[in-house]
Amino acid sequence: MGLFNAILGNASEVTTQDVSKEFEPILIDGEVIEKAYKLIKDMFIFTNKRLILVEKQLVGTKVDYLSIPYTNVIKFSKESAGILDLDAELKIWIKDVELPIKKQFGKGGNNINEVYRILSQHILK
């Protein structure tokens with residue numbers, strides 16, 4: 001079901017043990033991974049200090065790690081999928097950046113709601 005969810009655009013939760021080794025080199029002292037979600041090759045990594053958006057090339061080994069301190073998120077929104085719309089969208093606006101970061105989620109499942117809730121817990125403290 002994991003591959004099927006990925007094809008449909010649904011993020012699936014990944015255990016922190018599975019991603020800890022990969023992300024250990026970029027974490028600072030005292031920073032821990034709280035939740036991780038995978039969407040095909042891309043990932044959302046929630047730590048106790050920041051959101052890390054990981055974009056891996058479909059072909060090749062190049063990886064982009066975008067670190068967003070929670071204090072730099074000025075607003076965020078969730079657009080749910082409609083009857084004719086096949087996907088849901090998460091938008092995150094970062095301080096001093098005009099356009100939001102956009103991530104697509106499939107229509108089925110509550111994955112976007114989970115990511116939105118975790119983001120809310122960190123931003124709305």
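How many helices and strands are there in the protein?

**Figure 1. Here is the whole chain, as a predicted model.** The protein has three helices and eight strands. Following the sequence from its start, you meet them in the pattern α-β-α-β-β-β-β-β-β-β-α. The chain has 125 residues, and 36% of them count as buried. The accessible surface comes to about 7,800 Å², with 55% of that belonging to carbon and sulfur atoms. If you like contact maps, take the contacts between residues at least 6 apart in sequence: 36% of these join residues at least 24 apart.

**Figure 2. This view shows the open sheet of five strands.** The strand order is S1-S2-S3-S4-S5, and the pairing is antiparallel. Strand S1 (12-14) and strand S5 (63-69) stand at the edges; each has a single partner strand, so one side of each is left without a neighbour in the sheet. From one strand to the next, the twist averages 20°. In general, strands of a sheet pair through backbone hydrogen bonds, either parallel or antiparallel.

**Figure 3. Here we zoom in on the pairing of S4 with S5.** Strand S4 (residues 50-56) is joined to S5 by seven bridges, in the antiparallel sense. To find your bearings, look for Val54, which stands opposite Tyr65 in S5.

**Figure 4. Helices H2 and H3 are shown with the sheet.** Helix H2 (residues 16-23) lies across S1, strand S2 (33-39), strand S3 (42-47), S4 and S5. Its direction is at about 95° to S2. H3 also packs on the sheet, where it touches S1, S2, S3 and S4. The direction of H3 makes about 30° with that of S3.

**Figure 5. Helix H3 gets a close-up of its own, covering residues 111-123.** A quick check on its geometry: at 1.5 Å a residue, the 13 residues of H3 should span 18 Å, and because the end C-alpha atoms are 18 Å apart, the model agrees with that expectation. The buried residues of H3 are Asn111, Ile112, Val115, Ile118, Leu119, Ser120, His122 and Ile123. When reading such a list, recall that an α-helix has 3.6 residues a turn, so residues three or four places apart point the same way.

**Figure 6. The last view turns to the hairpin of S7 and S8.** Strand S7 (residues 87-94) and strand S8 (residues 101-106) run antiparallel and are joined by six bridges. Across this pair, Leu90 stands opposite Lys103 in S8. Six residues lie between the two strands, and Asp96 in the turn has a positive phi of about 70°.

Methods:
Residues are numbered from 1 along each chain as its sequence is written. This is a predicted model: local features need pLDDT of at least 70, side-chain atom pairs count only at pLDDT 80 or more; totals for chains, interfaces and linings use all residues. Side-chain values use heavy atoms; hydrogens and water are left out. Helices (H or I, at least four residues) and strands (E, at least two) are DSSP runs, numbered from the N terminus. Buried means under 20% relative accessible area, exposed over 50%, partly exposed in between (1.4 Å probe, protein chains only). Contact means heavy atoms within 4.5 Å. Accessible areas come from the Shrake-Rupley method with a 1.4 Å probe; for residues, only the protein chains shown count as cover. Two strands pair if DSSP finds at least two bridges between them. The expected span of a helix is 1.5 Å times one less than its number of residues. Axes are lines fitted to C-alpha atoms, for helices over the stretch in contact, and angles run from 0 to 180 degrees between N-to-C directions.
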